[in-house]
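Here is a short structural report on a single model. Have the viewer open while you read.

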Amino acid sequence: MLKYISKMYEEACPEKFAEHKAVVDETSSDFVITDTVFTTVTINKNFQTAYHKDAGDLECALGNLAVLSAGSYEGGFTVMPRWDVAFDLSSGDVCFFDVHEVHGNTAMTSTKPFERISLVAYYRKNMMHCGSINDELHRAKNRKEGDKINA
């Protein structure tokens with residue numbers, strides 16, 4: 001699914017994807033999810049997110065939201081208040097948008113069991129400063145109490 005999201009990102013938003021990929025290409029492959037432009041994924045089940053702006057992810061990149069669902073439910077719309085829009089993502093849909101703007105999703109209700117799994121794949125901006133996995137392991141093992149952790 002993560003490879004699919006990355007491929008859809010490249011097809012739907014080629015200019016933003018190219019900016020994002022340029023950073024990934026300078027990042028140790030030890031910290032990039034294979035065959036994607038992502039380092040990190042958050043997975044939520046039947047979860048209503050409060051309105052928020054994402055922080056800590058790559059500023060030049062677009063965020064994404066993919067949904068896998070089973071059963072029927074109402075709600076779960078991804079809302080961007082500034083633009084007065086809401087996206088109703090069905091199973092298999094992927095949406096790309098500026099996650100540095102306020103967004104969230106509405107509550108979900110159903111009289112029957114359902115599942116709505118949302119996947120958010122992204123690049124943690126400070127991953128570009130990591131060395132190889134061996135470099136980072138060595139640095140962690142040799143860290144002394146009081147040493148500053150580079151962010």
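The sections below go from the overall chain to its sheets, cores and empty spaces.

## Overall layout

This is a predicted model. The chain has 151 residues, and 37% of them count as buried. Along its principal axes, the C-alpha trace spans about 55 × 35 × 30 Å.

Three helices and nine strands make up the list of elements. Read from the N terminus, their order is α-α-β-β-β-β-β-β-β-β-β-α. Contacts reach far along the sequence. Take those between residues at least 6 apart: 79% of them join residues at least 24 apart.

## The four-stranded sheet

One open sheet has four strands, in the order 1-9-2-6, with antiparallel pairing. Strand 1 (40-45) and strand 6 are the edge strands. Each has a single partner strand, so one side of each is left without a neighbour in the sheet. On average, neighbouring strands here are turned by 20° against each other, direction ignored.

The pairings can be followed across the sheet. Strand 1 and strand 9 are antiparallel and joined by six bridges. I43 stands opposite L119 of strand 9. Strand 9 is also joined to strand 2, through five bridges and again antiparallel. There, V67 has S118 of strand 9 as its bridge partner. Strand 2 (residues 63-70) and strand 6 (residues 94-97) run antiparallel, with four bridges between them. A66 faces V94 of strand 6 in this pairing.

Helix 1 lies across strand 1, strand 2, strand 6 and strand 9. The helix runs at about 50° to strand 6.

## The three-stranded sheet

A further open sheet has three strands in the order 5-4-7, and its pairing is antiparallel. Strand 5 (85-87) and strand 7 stand at its edges. With a single partner strand each, they have one side left without a neighbour in the sheet.

Strand 4 (residues 78-80) pairs with strand 5 over three bridges, in the antiparallel sense. V79 stands opposite A86 of strand 5.

## Nonpolar cores

In soluble globular proteins, nonpolar side chains tend to be buried together. In this model, the largest nonpolar core has 21 residues. I5, Y9, V37, F38, F96 and Y123 have the most contacts inside it. Helix 1 (2-12), helix 2 (14-25) and strand 9 (115-122) each supply at least two residues of this core. Apart from it lies another core, of 12 residues, including V67, F97, M108 and F114.

What does Y9 touch beyond its neighbours within four places in sequence? Its contacts are P14, K16, F17, H20, V37, F38, A61, L62 and F96.

## H20 and the cavity

H20 is found in helix 2. Is H20 buried or exposed? Its relative accessible area is 1%, under the 20% cut-off, so H20 counts as buried. Neighbours within four places in sequence aside, H20 is in contact with Y9, V37, F38, L58, C60, A61 and Y123.

Rolling a probe the size of a water molecule over the atoms shows where empty space is left. Searching the whole structure gives one cavity of 30 Å³ or more. The volume of the largest cavity is about 50 Å³. H20 is part of its lining, with D57, L58, A61, L62, G63, N64, V99, A121, Y122 and Y123. Strand 2 and strand 9 each supply at least two of the lining residues.

## The largest pocket

The largest pocket has a volume of about 350 Å³. Its lining consists of 21 residues. T49, H52, D54, H103 and V120 lie nearest its centre.

Which strand gives the most to the lining of the largest pocket? Strand 9 does, with four residues. Strand 1, strand 2, strand 7 (104-105) and strand 9 each supply at least two residues of that lining.

Note on methods
Residues numbered from 1 in each chain as written. Predicted model: local features only at pLDDT ≥ 70, side-chain atom pairs only at ≥ 80, totals over all residues. Heavy atoms only, no water. Core = buried A, V, L, I, M, F, W, Y, C linked by side-chain atoms within 4.5 Å. Buried < 20%, exposed > 50% of the residue type's maximum accessible area, 1.4 Å probe, protein only. Contact = heavy atoms within 4.5 Å. Pairing = 2+ DSSP bridges. Axes fitted to C-alpha atoms, helices over the stretch in contact; angles between N-to-C directions. 1 Å grid on protein atoms, 1.4 Å probe; cavity = no way out; pocket = protein on both sides within 12 Å on 5 of 7 lines; lining within 4 Å. Points joined across faces, edges and corners; volume = space filled by probe spheres on them.
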